[in-house]
Amino acid sequence: MKHMKTVLILEHEEQVFDKLSCDICGAESNGDENWANKDFEHAISTVQLEERVSYPDGGHAKDITFNICPSCFKSKLVPWLQTQGAQPTISEADW
Ligand SMILES: [Zn+2]
């Protein structure tokens with residue numbers, strides 16, 4: 001006799017994070033949020049506004065994000081911000 005049993009076979013699709021693309025030039029990150037192309041290098045850029053409002057019965061959040069590659073960050077965003085009077089805060093570390 002051939003006995004049968006019921007099994008649950010999960011098959012589904014979902015969106016998972018893959019990589020970033022630069023909102024200016026279209027360059028793609030290296031498979032995650034790291035824009036660096038070489039081993040042992042790490043380059044993350046963040047241009048984001050996060051706004052949160054809390055109410056007695058809940059709240060509201062709004063995030064505005066630009067994904068900008070390091071090249072456009074340095075060659076386009078920084079010079080433009082400097083024309084607006086802003087100066088970057090630069091910190092460095094060695095280990
Ligand atoms: Zn770019």
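This briefing walks through the fold of one protein, from its overall outline to single residues. The model is predicted. The protein has 1 helix and 2 strands. From the N terminus on, the order is strand, strand, helix. The radius of gyration is 22 Å, well over the 12 Å that the globule rule gives for 95 residues, so the protein is more spread out than a compact globule.

**Overall shape**

- The C-alpha trace spans about 80 × 50 × 30 Å along its principal axes.
- Buried residues make up 7% of the 95 residues.
- Take the contacts between residues at least 6 apart in sequence: 36% of them join residues at least 24 apart.

**The two strands**

- Strand E1 covers residues 47-55, and strand E2 covers residues 58-66.
- How do E1 and E2 run? They are antiparallel, and 9 bridges join them.
- Together E1 and E2 form a hairpin, with 2 residues between them.
- One facing pair is Val 47 and Phe 66, the latter in E2.
- E1 is hardly covered: among its 9 residues, the count of buried residues is 0.
- E2 is hardly covered too: its 9 residues also give a buried count of 0.

**Ala 61, a residue in E2**

- Ala 61 lies in strand E2.
- Is Ala 61 buried or exposed? Ala 61 counts as exposed, because it has 9 C-beta neighbours inside 10 Å and the cut-off for exposed is 12 or fewer.
- Which residues does Ala 61 touch, leaving aside those up to four places away in sequence? The answer is Glu 51 and Arg 52.
- Glu 51 is 10 residues from Ala 61 along the chain, yet their C-alpha atoms are separated by 5.7 Å.

**Phe 40, before the strands**

- Phe 40 sits in the segment before strand E1.
- Its phi is positive, about 70 degrees, although Phe 40 is not a glycine.
- Most residues other than glycine have a negative phi.
- Phe 40 is exposed, because 5 other C-beta atoms lie within 10 Å and exposed means 12 or fewer.

**The helix**

- Helix H1 takes in residues 70-83, which makes 14 residues.
- How does the span of H1 compare with what is expected at 1.5 Å a residue? The helix should span 20 Å, and its end C-alpha atoms are 19 Å apart, which agrees.
- Where does H1 bend? The bend is at Leu 77, by about 30 degrees.
- A proline, Pro 79, follows Leu 77 within four residues.
- After H1 comes Gly 85, with a positive phi near 95 degrees.

**To take away**

- The order of elements is β-β-α, and the two strands pair as an antiparallel hairpin.
- Neither strand has a buried residue: the count is 0 in E1 and 0 in E2.
- Helix H1 has the expected span but bends at Leu 77.

Definitions and conventions
Residues are numbered from 1 along each chain as its sequence is written. This is a predicted model: local features need pLDDT of at least 70, side-chain atom pairs count only at pLDDT 80 or more; totals for chains, interfaces and linings use all residues. The radius of gyration is taken over C-alpha atoms; the globule rule is 2.2 Å times the number of residues to the power 0.38. A residue is buried if 20 or more other C-beta atoms lie within 10 Å of its own, exposed if 12 or fewer, and partly exposed in between; C-beta atoms are placed from the backbone. Two residues are in contact if their C-beta atoms, placed from the backbone, lie within 7 Å. The expected span of a helix is 1.5 Å times one less than its number of residues. The bend at a residue is the angle between axes fitted to the seven residues ending there and the seven starting there. Two strands pair if DSSP finds at least two bridges between them.
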